[in-house]
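Reader: I am new to this structure and would like to understand the terms used for it. Could you take me through them with care?

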Amino acid sequence: MDLAFTHSLLLHPSRRALVALDAQGEVLGANERARELMTPGLRERLQPALASAMAQLAADPGRRVEHTHREDGLELDCVVLAARTADGRTVGYTVSLFSTLEEGELAESPDRARWRFALESAQDGLWDWSADTGRIYRSSRCLTMLGYAHDHLGDSIESWQALIHPDDLARVTSALNLHLQGQRRKYQVEYRVRDTTGHWRWILDRGRVIAWSADGLPRRVIGTHTDISQYKDIEEQLRERDVLLGEAQRIGRIGSWAWDPATDAAWWSPEIYRIVGWDEDQAPTGLERLAELMTPEAAAETRRNVLGAMESGRRYTQALTLQRHDGQRRHVEVTGEPLRDPTGRITRMIGVIHDVTEQVEAAETSRWRNDLLNRIAAMGRIGGFELLSTGELQWTDENYRIHGIEPGTPISLASTMGFYDEGSQERMLDSVRRMFEHGIPEHSEEVTFVTPDGRRIRLHITGSLEWRDGRPFRVTGLTRDITVEYEAKERIEQLAHYDTLTGLPNRFLFRRRAEDAIAATRDGEPPLALLFLDLD
């Protein structure tokens with residue numbers, strides 16, 4: 001017999017009457033059981049169903065067409081398949097007939113027993129739905145995976161649907177109907193079912209029609225149930241981690257990327273699209289696409305860094321300024337690192353792009369402000385200081401210059417105290433003690449400082465106390481060089497109260513001192529005597 005017929009016959013269940021028909025439906029051969037069962041009268045009565053089945057298989061050769069023939073004292077289960085050549089061409093049909101009245105006489109074969117054992121032991125549940133009876137068979141695993149007894153449900157579709165989550169039921173019904181109507185090649189859907197504890201477990205339900213009736217309607221559908229709750233939990237965790245990673249990248253303005261040097265294909269996280277100002281549907285196409293936003297020099301440096309990393313196997317870091325198409329400039333730091341396969345060959349580059357625009361702009365603003373303050377401080381001869389409760393002392397560069405000490409020289413309160421005159425030392429130490437011990441919030445002093453090169457300068461020092469954890473922590477303040485003003489004041493005082501020729505006190509000073517002495521006498525001081533000597 002032709003191989004196509006042989007292959008088709010092997011697809012029929014064993015212990016059946018087998019008949020081979022040509023493309024026109026003429027009998028080519030039959031086994032002994034078929035010759036006993038297939039009488040001319042029976043063949044004539046089966047002919048309409050066989051003709052319909054052959055017409056259906058001519059249009060869809062991959063189907064299995066089933067038909068149940070009933071007459072007085074006889075019920076036959078009839079299966080019709082197409083016999084096809086290796087290139088898919090239909091050359092005939094095979095028919096198997098089985099009398100259901102003989103089913104009880106047939107003992108279970110070893111192969112059938114093995115399949116039943118495998119079915120009952122499998123982790124997936126199996127279901128088999130018959131359109132003729134409307135009943136559905138479920139293996140025990142369908143229910144035990146949910147914690148139910150194997151006989152917990154009846155054999156109707158509705159009994160299983162009662163376990164399905166209400167929000168999923170319409171989607172499950174729609175998926176099944178689309179397959180039964182031939183609009184989908186297979187039935188597959190994920191949904192939730194209630195287990196014995198009342199919790200919802202995720203099920204992957206898959207199946208397909210394996211047999212059609214002679215009039216082209218689905219007759220039998222077989223499928224499986226797979227518990228995918230753990231996969232869904234992992235999927236949810238990954239989804240949450242992906243969301244958290246995306247939020248972390250958005251907050252930190254850090255985007256991740258990957259590049260395949262073999263294909264020049266690239267992958268970007270959503271944050272990189274935001275950094276460069278592109279929509280996510282503008283898929284990255286490798287290094288050259290990003291180079292559009294760089295200066296030619298920066299693009300050349302990027303290529304050198306990437307190729308160098310591919311050759312050396314070491315990571316690289318590069319600072320770039322990107323000119324976006326909307327005119328904005330973004331300062332970024334790019335880090336790339338090669339990945340190797342088990343053989344040590346570099347197969348991919350991965351890395352991150354960190355948008356540091358705000359930090360760069362803040363640093364530039366801070367530098368500008370510091371430069372401005374330094375210039376102002378230098379013009380006004382004003383220095384700043386910080387004195388900790390431990391005696392540690394910090395000066396600004398201008399403060400060093402005011403005191404005539406090289407900027408950066410290590411200093412402390414004790415090391416600088418010897419440069420003040422005796423009276424200034426006492427006032428300085430007393431002021432510091434009172435601020436830290438008694439919490440005086442602010443204090444000012446005018447002191448005299450002798451620079452290392454011997455100059456005497458006059459300083460006005462103002463300090464403000466800061467607290468931490470309820471205790472005095474440090475004093476910060478300003479030092480102003482008032483030497484010029486102090487000397488000018490002394491000169492004015494000299495001119496106002498002393499004779500320019502002799503240097504002796506003048507009448508103005510005499511009158512002020514005399515008035516002070518008289519006032520003191522009136523307040524109970526000892527009596528006053530006055531001696532007048534006229535040099536004339």
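Author: What follows is a conversation about a predicted model, in which each term is set against the values behind it.

Reader: How confident is the predictor in the protein chain, and which elements have the lowest and the highest mean pLDDT?

Author: The mean pLDDT of the protein chain is 83, and 89% of its residues reach 70 or more, on a scale of confidence that runs from 0 to 100. Among the elements of the chain, helix α4 (residues 110–121) has the lowest mean pLDDT, at 52, whereas strand β8 (residues 187–194) has the highest, at 93. Over residues 105–109 the pLDDT stays under 50, and for this stretch the model has 6 contacts beyond four places in sequence.

Reader: Why is R63 called buried?

Author: R63 has a relative accessible area of 19%, and buried means under 20%, so R63 counts as buried. R63 is found in the loop between α3 (40–59) and β3 (65–71). Leaving aside neighbours within four places in sequence, R63 is in contact with Q56, L57, L81, W212 and G216.

Reader: Why are C78 and C142 called buried, and how many disulfides does the structure hold?

Author: The relative accessibility of C78 is 2% and the relative accessible area of C142 is 0%; the cut-off for buried is under 20%, and therefore both cysteines count as buried. A disulfide would need a pair of cysteine sulfur atoms within 2.5 Å, and the structure holds 0 disulfides.

Reader: What makes a group of residues a nonpolar core, and which residues have the most contacts inside the largest one?

Author: The residues of such a core must be buried, must belong to a set of residue types that includes Val, Ile and Trp, and must be joined through side-chain atoms within 4.5 Å. The largest nonpolar core has 23 residues, and those with the most contacts inside it are W257, W268, V276 and I353. At least two residues of this core come from each of β11 (254–260), α9 (270–276), α10 (287–291), α11 (296–312), β13 (316–323), β14 (329–340) and β15 (346–355). Not counting residues up to four places away in sequence, V276 touches W268, L290, L293, L322 and R324. Apart from this core lies another, of 22 residues, among them I405, F449, I461 and V475. In soluble globular proteins, nonpolar side chains tend to be buried together.

Reader: How do you know that β13 and β14 are paired, and in which sense do they pair?

Author: Two strands pair if at least two bridges are found between them; β13 and β14 have 8 bridges, in the antiparallel sense, so the condition is met. Within this pairing, Q318 stands opposite V334 in β14. The two strands form a hairpin with 5 residues between them, and G327 in the turn has a positive phi of about 95°.

Reader: How many bridges join β15 to β14, and how many join it to β11?

Author: β14 and β15 run antiparallel and are joined by 9 bridges, with E337 facing I350 in β15 as its bridge partner and L339 standing opposite R348 in β15. This pair also forms a hairpin with 5 residues between the strands, where G344 in the turn has a positive phi of about 95°. β11 and β15 are likewise antiparallel and are joined by 6 bridges, and the bridge partner of W259 in β15 is M349.

Reader: What is the order of the strands in the open sheet, and why are β12 and β13 said to stand at its edges?

Author: The open sheet has 5 strands in the order β12-β11-β15-β14-β13, with antiparallel pairing. β12 (265–268) and β13 each have a single partner strand, so one side of each is left without a neighbour in the sheet. Neighbouring strands of this sheet are turned by 25° against each other on average, direction ignored. Helix α11 packs on the sheet, touching β11, β13, β14 and β15, and its direction makes about 155° with that of β13.

Reader: Where does H354 lie, and which residues does it touch?

Author: H354 lies in strand β15. Not counting residues up to four places away in sequence, H354 touches G252, R253, I254, H331, V332, E333 and Q359. The C-alpha atoms of H354 and V332 are separated by 5.3 Å, although the two residues are 22 residues apart along the chain.

Notes
Residues numbered from 1 in each chain as written. Predicted model: local features only at pLDDT ≥ 70, side-chain atom pairs only at ≥ 80, totals over all residues. Heavy atoms only, no water. Buried < 20%, exposed > 50% of the residue type's maximum accessible area, 1.4 Å probe, protein only. Helix = DSSP H or I, 4+ residues; strand = E, 2+ residues; numbered from the N terminus. Contact = heavy atoms within 4.5 Å. Axes fitted to C-alpha atoms, helices over the stretch in contact; angles between N-to-C directions.
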